[in-house]
Every structure is written in structure tokens, then in C-alpha cells.
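User: Could you take a close look at the sheet in this one and walk me through it? I'd like to know how it is put together and what packs against it.

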Amino acid sequence: MAENEGQEKTEDATPRKRQTSREDGQVAKSIEIVSVVILFFAVSALNLSAGFIYSNMEKIFYESFNFGVIIDLDIKSFLFFFYAVIKYSGMAMAPVLVAVFLAALLSNLFQVGFFVSWKAIEPKGSKISPIKGFGRLFSMKSIFDLVKSILKITIIFTLAYFAVIYDEENLFRLYDNEVRGIFIYLLQTSFRIFVWILIVMIILAVMDYLYQKWDFEQKIKMSKQEVKDEMKQSEGDPHVKSRIKQLQAEAARNRMMSEVPKADVVITNPTHIAIALRYDQLNMKAPSVLAKGAGRIAEKIKEIAIKENIPVIEQPQLARNLFKVVGVGEQIPSEFFQAVAEILAQVYQMKKKA
């Protein structure tokens, strides 16, 4: 809304605002968490399946450089050779690829749960706007990402350098080893570098996640007016609710007035309160209140009673007690039986005389 644009957003986001942001694809998610989990799974898979990977790579080299039988290099032979290379390469990379896929899936599920938002990939003009793009380029988030990337690259190169220098003596002796020994050495060195990098990346990932969480909370904060507007939308406008209650009260009052002609007697205050009672000996255990009211409603009840030839009897104390204790449609309590019975007896005698 236009009136909300200039207001400071100081209020925490409501559950409805959080749900709307989630549906729009706005969630607190750290890419570094995904990178760390992928790196961990990939290194673990590489370490556990090193023998399997080596055997398949050995088959690739065997198929590539085996000249025991000289064959014609036609299209059929080439396709056969190409199929063998693809098959063994796929088998060699399968453990790492499966581990990376599971890592990416689990790390995202851990952070945001299972949710697909198509709004996040919808084309928007703001995404290709040069002005907004320039603003995002120099935003706090972009600066933070730049510093983070430089720090990561620096750490990775530093750790790799010290890992090589640490084992420099064995590195220059590799020329005297077999292919298997060279391969195992490279795997061990790579694994050691990955472990060092992984430890540092975990620290960076935790820091990045905390920042992303803080940044997301700042983005979805709301102004006081936005909170009020949302409450109006969710709970309804107070004026509309008041009008609905008024209409409901009028409908209930009209239904109550329509029951007055069925009454046997109307007990009054005599001027401020009126109670319409009915008693059916066959279907009721005690007399019940068909209608009650004070002021104008009491006057209306008495008008209907007079029009319908219903006896109107003045009993101020009884009328006040019934008005306070008994609701419309309820039967009277036992402490009022005697007083009401005397009035009904009087009414029946009046009807017999009539």
C-alpha cells in the first residue's frame, strides 16, 4: 500500500507473512551449507570407493592402449570403443555423482523442507532492470558474498599450497612408483586437502547461515500499519463485524417477537421489563420463556400481547428475577415454580370465565 511505503519496518513478521514469503520462494537458505554437505559426501564417497574407481579407470586405460590385436578403425570399432569408455567412466563416477545428488537434496530439505515455489522462477521485469541490478550489485548482500568468495578462494589455495609443501619430499619421488601407487598417493593427498578445507568451510557455512537468517528476518519485517492491515484482513474490519453482529441481533429479536403470540401470559415490571411465558403440560416439564426484553423491546412485547389477547400481569419482583436468570428458550428454574404456577392458574381462570 502507498501509505505503508514511508513507514519504518520494526515489527517481526507474522506467521501469515512468513507463509506468503515462503510461497514466493523467499526463505533463509545458505548456499555454503549446501557446498559443505556436498563436499563432505563427495569426499566420503571418493574415499570409500577409491578401489572401485581405480579398477574402472584401469579398464578405460586398458581399452584405450591395448594393442594386442590391430583392428581396422571403422565406425563399428569406434562405437564399440566409445561405448566401453562411457560405461567404465560412468561406473567410476557413479558413487561420487550419487553422493553429490543426495547431499544437495538433503541439505536443501534440512534448511527449508520440501516445498516447490513456481513464483521464484517466474519472469519479472525487476530482475532484468539495469537500475535495480546496479543497486543489487552494490548492496550489503553482494558485498558480503564478494568478501566470502575471496576468503574461500584464499583459504583453499593456502591449504592446498601447505598440503603440497608438507609432503614435498614424497611428491618428487612419484616418478619411481607404479601407476597404482601414484593414484593412491594423489587420492590420499587430495583427501587430506579436502578434510582441511572441509573444517574451514564448516566454520564459514555456520557464519553464512547465521547471516542469511538475520538478513531474511530483516527483509520480511513489517511496519505497524502492515500488521494492522493484516489483522483486519484475517479477522475482518471492526466496522463490518459490528454491522454483522447488529444484523444478527435484529434477526434474533425478530424471531423472538414472532414467538410472542404463542405465549400464555406476559409478566411485566410493569413498565421497563416484559417476560412472555408459555407452558404446555403435555410437552414441557416447566414453563419456558418465549421472549423477554427491556425498554422498547418490553413495550413491543406488551403491544403484541394486547393485540393477541394474551393476559399481561404485573409482577415486578418476579419479572426482574426471570429477566436476570432465564434466557430466551430456556425453562424457568424450580425456585420460580410456585410463583409462576399461581399466575398461570389465574390466567386459566380468566380464560374459563371468558
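Analyst: Here is a walk through the sheet, its helices and the residues packed around them. Keep in mind that this is a predicted model.

Let's start with the layout. The sheet is open, has 4 strands in the order 3-2-1-4, and its pairing is mixed. Strand 3 (288-294) and strand 4 (312-314) are at the edges; each has a single partner strand, so one side of each has no neighbour in the sheet. From one strand to the next, the twist averages 25 degrees.

Now the pairings, going across from strand 3. Strand 2 and strand 3 run antiparallel and are joined by 6 bridges, with Ile-275 bridged to Lys-292 in strand 3. Strand 1 and strand 2 are antiparallel too, with 4 bridges between them, and a hairpin of 4 residues takes the chain from strand 1 to strand 2. Here Val-265 has Leu-277 of strand 2 as its bridge partner. The parallel part of the mix comes from strand 1 (residues 265-268) and strand 4, which pair over 3 bridges; Val-266 finds its partner in Val-312 of strand 4.

How much of strand 2 is buried? 5 of its 6 residues are, so call it mostly covered. As general background, side chains in a regular strand alternate between the two faces of the sheet.

What lies across the sheet? Helix 11 (residues 296-307) crosses strand 1, strand 2 (273-278), strand 3 and strand 4, at about 130 degrees to strand 3. Helix 12 (residues 316-325) also lies across strand 1, strand 2, strand 3 and strand 4, running at about 80 degrees to strand 2.

That brings us to the nonpolar packing. The largest nonpolar core contains 17 residues, and Leu-277, Leu-322 and Ile-332 have the most contacts inside it. Strand 1, strand 2, helix 12 and helix 13 (337-353) each put in at least two residues, with helix 13 giving the largest share, 4 residues. Leu-322 gives a good feel for the packing: beyond its neighbours within four places in sequence, it touches Ile-267, Ile-275, Leu-277, Ile-332 and Phe-336. Apart from this core lies another one, of 14 residues, including Met-256, Leu-290, Ile-304 and Ile-310.

One charged residue deserves a stop here. Lys-302 sits in helix 11, and it counts as buried because its relative accessibility is 14%, with the cut-off for buried at under 20%. Setting aside neighbours within four places in sequence, Lys-302 is in contact with Thr-268, Pro-270, Thr-271, Ala-274 and Val-312. Val-312 is the residue we met above as the bridge partner of Val-266.

What does the side chain of Lys-302 meet in a salt bridge? That would be Glu-299, at 3.5 Å from N to O. Glu-299 and Lys-302 are 3 residues apart in helix 11, so about one helical turn separates them. The general rule is that an α-helix has 3.6 residues a turn, so residues three or four places apart point the same way. Unlike buried Lys-302, Glu-299 counts as partly exposed, at 34% relative accessibility.

Just ahead of strand 1 in numbering there is another such pair: Lys-262 forms a salt bridge with Glu-259, with the closest N and O atoms 3.4 Å apart. Lys-262 is partly exposed at 46% relative accessibility, and Glu-259 is partly exposed at 27%.

Note on methods: Residues are numbered from 1 along each chain as its sequence is written. This is a predicted model: local features need pLDDT of at least 70, side-chain atom pairs count only at pLDDT 80 or more; totals for chains, interfaces and linings use all residues. Side-chain values use heavy atoms; hydrogens and water are left out. Two strands pair if DSSP finds at least two bridges between them. Axes are lines fitted to C-alpha atoms, for helices over the stretch in contact, and angles run from 0 to 180 degrees between N-to-C directions. Contact means heavy atoms within 4.5 Å. A nonpolar core is a set of buried Ala, Val, Leu, Ile, Met, Phe, Trp, Tyr and Cys residues joined through side-chain atoms within 4.5 Å. Buried means under 20% relative accessible area, exposed over 50%, partly exposed in between (1.4 Å probe, protein chains only). A salt bridge is a side-chain nitrogen of Lys or Arg within 4 Å of a carboxyl oxygen of Asp or Glu.
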